[in-house]
Amino acid sequence: MDLLHNLTLGLGVALSFQNLLYALVGCMVGTLIGVLPGIGPVATIAMLLPITFHLPPTAALIMLAGIYYGAQYGGSTTSILVNLPGEASSVVTCLDGYQMARRGRAGAALSISAVGSFFAGTVGTIIIVIFAEPLTRMAQKFGPADYCSLMALGLVAAVVLASGSVLKAIAMVFLGLLFGLVGTDVNTGAQRFTFDIPELSDGIDFAPIAMGLFGIAEIVVNLEKHMTRSGAIKVTSLWPTREEIRRAWPAVLRGTTLGSILGVLPGGGPTLGAFSAYTLEKKISKRPGEFGKGAVEGVAAPEAANNAAAQTSFIPMLTLGIPSNAVMALMVGAMIIQGIQPGPEVMTKKPDLFWGMIASMWIGNAMLVIINLPMIGIWVKLLTVPYRFLAPAILLFCCIGAYSLQNSTFHVMQVAIFGVVGYIFVRLGCEGAPFLLGLVLGPQMEEYFRRAMLLSRGDPMVFIQRPISLGLLIATAVLLVLMALPSIKKAREEAFQEEG
Amino acid sequence: MSRLLSKDFLSGVMFIAFGLVALYFGRNLQMGTTVRMGPGYVPHMLAYIMLALGGIIAVMALLTPGEQVETPKWKPITMVTVGIVCFALLFETAGLIPALVVLILIASLGGEEFKLTEVIMNMIVLSILCIVVFKLGLQMNISIIRGVW
């Protein structure tokens, strides 16, 4: 009964005119950036963070969530029609989607991917509804030591699933934690690393860092590359044949299941879900030879998986306040900008925001199917806009957005500085996502750490004596040990090679 | 020599540098005790972890062959950064339009192709868009051209 009550509350909030409008705006922007290569959801959400400051909290989060899952839809369109993945999560869709399109089945591939995504999104939303309450209730029993260990687990898991060197990713997490310390110490009022700059006494603002690291650095890297575009394939009929439907639906089911599970894991998310789903389909298929030549399953499963994972990756963020990937870290940032501390309290203190956002995800998914299929032609036309027009425009919006945070050009300067820092990170092969997670969790983690040590009278054993904390720490240690095992290390490297 | 220019070695050096900077600027922060931690406890802890990790990464990079750093192309990163800095300097003193024109011009110079007519078109379109979205739509308190609007 409670579930039903919560859902009606959520639908009531999500169906208000204002929130519907923002969900639509989010979906459209998301699809747009999903279609455009060279700008992803992380960069876009980072750039739009300052604008959300001017919106009511619920509307802001609904819009940002819309961008995230909208990008999953948009990315698949270009993968299928022009063999250009708009997003990392739709790279695998290219393999079979584009081949299907070349055989004249572009319409079928598009509609299967859209309907499969919608189905997966619906399942993902239901999973959030079912698991949100028990998880939140569990989280409310956590003490400071437990929280500290939970964050450690979240950070380590995020590292494991990031591509590239594990050691460097761990160092990036610590670097993020270090940057999170800048500002006034809450317990003593001491100024830390503020260099006598008054703007830094409240801490480094999250938005300029995210914009610099992801927005600016991404633009610069793209400007260095020469981008070529090939012509799009014409879409004829959107209807799949009976044979295609028969082969697609079990793949959609498998993709949804796999994606939902992988989405919840810290560090998981759409990209991991899509790759795993594709590999699974290829392994269990009776016709593995067809993969890469236009197998329907190769489109249906990863598309369902990336969308399911996009939905379920909200679970740890909404219930525990622990972001599992860079986009979720930005959502946490958006909540903090709005004065909401993410964590188990959000559901009890702001039920309208919590359930409204979840309900809006389902509505947004429905919107995407309706707007996307008829508008495919328009989206494909947008692909012909050259990057030399886009790059300055994106830069401009970054600058104005950063300024509008507090009407100060200091933030614009920060964007420039972190743009350079982000570029250095890219050149040195250091991932930005672990840094961002460390930055977001840093202040809270220090707070919990100090509180736990105070409660235990300075005895670090408290982290081992509390059963919840111990369990979480054991899980963290197991993950770290697994990473060091040569066989797993090799498998992981291979998995990411396929991705890159 | 080549290993000194590998991505891993240089990132190790970068982490060590961040650790040293944190130690230097955090030297006056009180450490406190483990029961009542001062503001300096966690910063010191993190700085030492950075030094240790950076050291391990750098040493391991010297022992194993790794990926080389690509020679950076200086033009895009310089132009983009200079563009943003100019924007920051001009935005409050001269207004949105002058800042926009300078940013777009400099940023466009950072790309591969540069056609003046296209850049001017881009400026006009973006000026209109910004005025509509930020000034009229979001009602932001910004001046379009200082002293005029």
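These legends walk through several close-ups of a predicted model with chains A and B.

Local features are described where pLDDT is at least 70, side-chain atom pairs count only at pLDDT 80 or more, and totals for chains, interfaces and linings use all residues. Residues are numbered from 1 along each chain as its sequence is written, while chains are lettered from A and ligands numbered from 1 in the order in which they are written.

**View 1. How confident is the predictor in chain A and chain B?** The score to know is pLDDT, the predictor's confidence in each residue, from 0 to 100. Chain A has a mean pLDDT of 82, with 91% of its residues at 70 or more; for chain B the mean is 85, and 98% of its residues reach 70 or more. Within chain A, helix α17 (residues 409–427) has the highest mean pLDDT of the elements, 91, and helix α21 (residues 486–499) the lowest, 58. Where pLDDT is low, don't read the predicted coordinates in detail. The model as a whole scores ipTM 0.90 and pTM 0.81.

**View 2. Here chain B meets chain A.** The contact takes 53 residues from chain A and 59 residues from chain B, where two residues are in contact if their C-beta atoms, placed from the backbone, lie within 7 Å. On chain B's side, α1 (7–25), α2 (41–63), α3 (74–94), α4 (96–109) and α5 (116–137) each supply at least two residues. Helices here are DSSP runs (H or I, at least four residues; strands are E, at least two), numbered from the N terminus. Which helix gives the most to this side of chain B? That's α3(B), with 11 residues. By class, chain B's side holds 37 nonpolar, 13 polar and nine charged residues. Nonpolar covers Ala, Val, Leu, Ile, Met, Phe, Trp, Tyr, Cys and Pro; charged covers Asp, Glu, Lys and Arg; the others, Gly among them, are polar.

**View 3. Chain B is assigned two domains, domain 1 and domain 2.** Domain 1 spans 2–63 and domain 2 spans 74–137, with bounds that come from an automatic or database domain assignment. Taken over C-alpha atoms, their centres are 38 Å apart.

**View 4. Inside chain A, α8(A) packs against α16(A).** The axes of α8(A) (residues 206–224) and α16(A) (residues 387–406) come within 11 Å and cross at roughly 170 degrees. That makes the two helices roughly antiparallel (over 145 degrees; under 35 is roughly parallel, 65 to 115 roughly perpendicular and the rest oblique). Axes are lines fitted to C-alpha atoms, for helices over the stretch in contact, and angles run from 0 to 180 degrees between N-to-C directions. Among the residues that meet are A:M211 and A:I219 from α8(A), and A:I394 and A:L395 from α16(A). The contact of α8(A) with α16(A) has 13 nonpolar residues, two polar and no charged.

**View 5. Meet another partner of α16(A), helix α3(A).** α3(A) (residues 41–52) packs against α16(A) at an angle of about 40 degrees, with axes 8 Å apart. A:M47, A:P50 and A:I51 of α3(A) take part, along with α16(A) residues including A:F397 and A:G401. This contact divides into seven nonpolar, two polar and no charged residues.

**View 6. Across the chains, α16(A) packs against α4(B).** Their axes lie 9 Å apart, at an angle of about 135 degrees, so α16(A) and α4(B) are oblique to each other. A:R388, A:L395 and A:C399 are among the α16(A) residues here, and B:L100, B:L103 and B:I104 among those of α4(B). By class, that contact has nine nonpolar, one polar and one charged residues.
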